[in-house]
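Trainee: Could you take me through the aromatic ring pairs here, and then through what is buried and what is exposed around them?

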Amino acid sequence: MSEQTAIQTSAPRFRLPKADAALLIGGTALLLLGIFDLAQVAPTTVFTVEQLIDIAPYLAASILIAAYAAATGADNLIARAFTGRNTAIMVLVAALTGALSPFCSCGVIPLIAALLSMGVPLAPVMAFWLASPIMDPTMFVLTAGTLGTGFAIAKTTAAISVGLLGGYGILLFQRAGGFENPLRAEVGNGGCCGSSVRSRKDVAWSFWTEGARRRKFYDNGLKNTLFLGKWLALAFLLESIMLTYVPADLIARLLGDGGLLTIAAATVVGIPAYLNGYAALPLVGGLIDQGMAPGTGMAFLVAGGVTSVPAAIAVFALARLPVFFAYIGFALIGAFSAGLLYQMSLGF
C-alpha cells in the first residue's frame, strides 16, 4: 500500500449529523403553526411548558431512581427480584397495582423506562403500563361523581382487564420467542433477557465515593432527561395543537347509539380526540345525558386514556415497533371489549 493510499484510507469520512426526530417534528409543527395561525404559537408554548412542569416531579423522581440504580448496581438486584418469581402471578399483581396507581398515561412512561432498562420482564410491565392510566383513586371518585358509581366500577374493572389482556398476551408471544428486547437500542437493553439480569455485580450504595460510578450517575441521568424530556415536550406540543383544532365534542356527538360500529368508532376516535382523564369526564357525561350510549362513552374513555397522543408518542420513542404496535393493539381491543360488554350489561 502506498503512502498516499494509506493517508486516504485513514482520513476520517465526513458524515452529516443524524437528524433528531423529536426536534425536527416539533420545530416543523411550530413553524407551520406560526405560518398559518401565529396567534396560537404562544398559547401552545405555554400549554407545553405547563404540562412539562406538571409532570416534572414524576419525571425527576424516576430519572434519579434509575440513575442511582445504574450507578450503584442496584438495578441487578431489582431485576433479579422480578425474574425469580412466577411471571403469570406478576402480571395479575401488576394489573391490579396499575389500576390503583396515581400515574397518568405520560407520568408512567419514565417509570416504565426504568423498569425495562433494569431487565424487568415485559409482560408484567405491559400489564401495569396499560392499566395505570385508565383508573386511579382520584379518577374513581370523579368518575363516580360525574357518571355514577356503576360506571366508575365498570371502568375500574376495564382497567384491570385491559392490563391482564396485555400482560398475558405478551407472555404468550414471549413464550413463542417474541419481544426479547423491548426497548429501542438508544434507550437501553431491557426486557426479560436484559443485561442486568444476566450479569451479577457488586452493589455500591455509596456510589459517590468512586469517580467511575459518579460519572455513570451523571451520564445516565442526563441521557434519560434529554431523551424523555424532548419526546414528552413534543407530545404535549402536539396535544395542544390537537385540542385547539380537533372538535372533540362534535366527533364524540356523532358516535351514535351504542352499536358495534359506533363503539368501534369511539375506540378509534378516542385516540386523537381525547382531552385527558379528568377533562374528558364532564364531556362524556354531558353527551350521555344528551343520548349517547354509555358503552360508547366507556370505549372512548378507556381508549383515550391508554392511547392518548402524548402517551402514544412517548411509547413510540421508548419501545421498539413490535412493542409499540402490541401496546396500541391491546389497548384498542381492550377498549372495544370494555365498551361492548358494558353496553350489553345495561341491556341495550
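Mentor: Let's start with the rings and then move on to burial and the surface.

This is a predicted model, where local features need pLDDT of at least 70, side-chain atom pairs count only at pLDDT 80 or more, and totals for chains, interfaces and linings use all residues. Residues are numbered from 1 along each chain as its sequence is written, and side-chain values use heavy atoms, with hydrogens and water left out.

Rings of Phe, Tyr and Trp (its six-membered ring) pair if their centres lie within 6.5 Å; planes under 30 degrees apart are stacked, over 60 edge-to-face, and the rest tilted. That rule gives nine aromatic pairs. Take Phe316 and Phe324: the ring centres sit 5.3 Å apart with the planes at 80°, so this pair is edge-to-face. Phe316 has 34% relative accessibility and counts as partly exposed, while Phe324, at 13%, counts as buried. Here buried means under 20% relative accessible area, exposed over 50%, and partly exposed in between (1.4 Å probe, protein chains only). There's also an aromatic cluster, formed by Tyr68, Phe207, Trp208, Phe217 and Tyr218.

Now for burial by helix (DSSP runs of H or I, at least four residues, numbered from the N terminus). In H7, residues 122-131, 10 of the 10 residues are buried, so the helix is largely enclosed by the rest of the structure. Among them are Pro124, Met126, Phe128 and Trp129.

For the exposed side, look at Leu31, which lies in helix H2 (residues 21-36) and counts as exposed at 54% relative accessibility.

Methods: Helices (H or I, at least four residues) and strands (E, at least two) are DSSP runs, numbered from the N terminus.
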